[in-house]
Amino acid sequence: MTARLATARLLAAASLLALSLAACQDGSGINGPSARSLAPIAPQTVALMQSKGMQPSDPILIRTFKKEAEMEIWKRGSDGRYALLKTYPICRWSGQLGPKTREGDRQAPEGFYTITPGLMNPNSSYYLSFDTGFPNAVDRANGRTGKYLMVHGTCSSAGCFAMTDATIAEIYAVARDAFIGGQRSFQFQSYPFRMTAENMAKFRNDPNIAFWQNLKEGSDYFEALREEPKVGQCGTKYVFGGADAAAGACKPHVDPLVAEKSAHDARAVADLVAKGTPAVRVVYQDGGQNPVFRPQNASAFASLGGTETVLPYDAKEYGRHNLGDVSRPETLAAGPQEIEVGPKGQPVMLAGAEPAAPARAAKAGGKGRGREPAPATTLMANRADPDAQVETTAALPEKPARIAVADADGDPSSYQKLFGQLFAKDKPAPAAPPTPAVDAAVVPEPVKLARAAEKVAPKAAKAHAVKTAKAEGKGDAKGDAKAEKPALRKGEPEGRKP
């Protein structure tokens, strides 16, 4: 009888909370809260809490990681320290690694956010959801715009974190019971990737690195102390720590354990760089998805350059989830491309010698018959994928060389312009114009080789053909000038929201 009474009281409290939440949502108060928002936490998850000494009413904290496509729920114990309850795979996030900057850019937000009961939506069009609270004070200070960036069900994202209906049902229930237990708000930490020394070394030349280093300060605080960092704002940056940080002090007190962890990681980054760890940037067509939702092609979404590890969740369980509407599935098929970048964030391409192409038949009566043509240049943006190649007809040096190409200035679309063919391996390459016979193979100077690397294959072939014609005395001066400065083809327009 006592257990039944306790259950009845919990459901009554949940119903009252849901009614108060419903009043904050567009149209949610008409029919009251949905039955799904009142569903209890699954017995298996309650048992997991008990095995870890946790209660459903204990406060929570959530962390999410884009690149790994994972979301974590932590619970606070009686000692004030947080322990990991459960890790969930993310079914879909959109955009690129990096913060959301403007409304409509399809970017899922990165930063530290405060989730109150008023941001919970029991009648979401995407089963259940909560708003991340973007933009926060730091976002606004940086001029970032957007709204309704949610964590919700199904598998469709236009700047949100889509978790499947079954997963958001559990996350929602855990958050709801924490609010019923007295928690007034919980912290939502959103990262581009796990803030390890290995990742900070790999992404050291990314245009977003300064922002990510700022996020790492908050991550270090949480991981060193297992306490929720107080978050403040100093100009366009976050500050983390205790009460002084919450008050906006630009130089808050740093706990010795946090300082020790930060210094240890900084030394580890320096060691990795000294050992030759390449600086990279990861480019997505449009966000990513945890591989458990695509078991038939899981390798396409494996951690780039990483090794297989034991997952903190059952891949078979999540593989059975109903995904509902999957946004832009064609962009997931290609997978992310890991591109080595230079100090200014520009792509670095590798030139490697390939066997000579078959010689074209020389014109009847032409000069230099029987000479070997120059080998073709192969430019590879991803050393781990030798099949992803962009070829030009320029000659190569005998030894592989590293060539820095056009600076992308932090614009992901520029990378897609440069490496468009990597995202369309199965599409036939545009036909190159026929190359007239010449007296001898034209070997470009280093500056011409660099120019060839800046252009996609059809442009390079056209420029080479014009140069060849000029060598025979048939080129037009104005035509050559135009051919040597072709514009990069425009990127694909931003798609509509799903």
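**Figure 1. The largest nonpolar core of the predicted model.** Of the 61 residues in this core, Ile62, Met71, Phe130, Ile171 and Phe188 touch the most other members. The model shown here and in the following views is predicted. Helix H4, which spans residues 165–180, gives the most to the core, with eight residues. In soluble globular proteins, nonpolar side chains tend to be buried together. Met71 serves as an example of the contacts involved. Leaving aside residues up to four places away in sequence, Met71 touches Ile62, Ile171 and Phe188, among others. The contacts of Met71 also include Arg63, Thr64 and Lys86, as well as Thr87, Tyr88, Ile90, Val151, Phe161 and Met163.

**Figure 2. An open sheet of five strands.** The strands follow the order S4-S9-S8-S7-S6, and their pairing is mixed. At the edges are strand S4 (92–93) and strand S6 (120–121), each of which pairs on one side only. Strands of a sheet pair through backbone hydrogen bonds, either parallel or antiparallel. Strand S8 (residues 150–152) and strand S9 (residues 161–162) run parallel and are joined by two bridges. Within this pair of strands, the bridge partner of His152 is Ala162 in S9.

**Figure 3. Two residues listed under "active site".** An unreviewed UniProt entry lists His152 and Cys160 for "active site". His152 is placed in strand S8, whereas Cys160 is found in the loop between S8 and S9. Are these residues buried or exposed? A residue counts as buried when its relative accessible area is under 20%. His152 has 2% relative accessibility and therefore counts as buried. Cys160, with a relative accessible area of 8%, is buried as well. His152 touches Cys160, and its other contacts beyond four places in sequence are Tyr126, Leu128, Ser129, Phe161, Ala162, Met163, Thr164 and Ile168. In addition, the side chain of His152 reaches the backbone oxygen of Ser156 at 3.5 Å. With residues up to four places away in sequence again left out, the contacts of Cys160 include Arg92, Trp93 and Ser94. Cys160 also touches Ala108, Tyr148, Leu149 and Met150.

**Figure 4. The disulfide of Cys91 and Cys155.** The structure holds two disulfides, and with bonded cysteines counted along the chain they follow the pattern 1-2, 3-4. In the disulfide of Cys91 and Cys155, the sulfur atoms are 2.1 Å apart. The link is left-handed, with -95 degrees about the S-S bond. Which parts of the chain does this pair tie together? Cys91 lies in the loop between strand S3 (82–89) and S4, and Cys155 lies in the loop between S8 and S9, so the disulfide ties together parts that are 64 residues apart in sequence. Cys91 has 0% relative accessibility and counts as buried. Cys155, also at 0% relative accessibility, counts as buried.

**Figure 5. The disulfide of Cys234 and Cys250.** The sulfur atoms of Cys234 and Cys250 are 1.9 Å apart. The torsion about their S-S bond is about 95 degrees, so this disulfide is right-handed. Cys234 lies in strand S11 (residues 230–234), and Cys250 lies in the loop between helix H7 (243–246) and helix H8 (256–274), so the pair ties together parts that are 16 residues apart in sequence. How exposed are the two cysteines of this pair? Cys234 counts as partly exposed because its relative accessibility is 21%, and Cys250 counts as partly exposed at 49%.

**Figure 6. Strand S13 and its partner S14.** Strand S13 (residues 280–283) pairs with strand S14 (residues 337–340) in the antiparallel sense over four bridges. Val282 of S13 stands opposite Glu338 in S14. In a regular strand the side chains alternate between the two faces of the sheet. Both faces of S13 are covered: Val280 and Val282 are buried on one side, and Arg281 and Val283 are buried on the other.

**Figure 7. A buried aspartate in helix H8.** Asp265 is placed in helix H8. With a relative accessible area of 9%, Asp265 is buried. A polar contact of 2.8 Å joins the side chain of Asp265 to that of Lys216. Beyond its neighbours within four places in sequence, Asp265 is in contact with Met195, Ala197 and Asp220 as well as with Lys216.

How values were computed
Residues are numbered from 1 along each chain as its sequence is written. This is a predicted model: local features need pLDDT of at least 70, side-chain atom pairs count only at pLDDT 80 or more; totals for chains, interfaces and linings use all residues. Side-chain values use heavy atoms; hydrogens and water are left out. Two strands pair if DSSP finds at least two bridges between them. A nonpolar core is a set of buried Ala, Val, Leu, Ile, Met, Phe, Trp, Tyr and Cys residues joined through side-chain atoms within 4.5 Å. Buried means under 20% relative accessible area, exposed over 50%, partly exposed in between (1.4 Å probe, protein chains only). Contact means heavy atoms within 4.5 Å. A disulfide is a pair of cysteine sulfur atoms within 2.5 Å. UniProt positions are given in the numbering used here, feature names are shortened, and annotations may be inferred rather than shown by experiment. A polar contact is a pair of N or O atoms within 3.5 Å; within protein, one must be able to donate a hydrogen and the other to accept it, and residues adjacent in sequence count only if both atoms are side-chain atoms.
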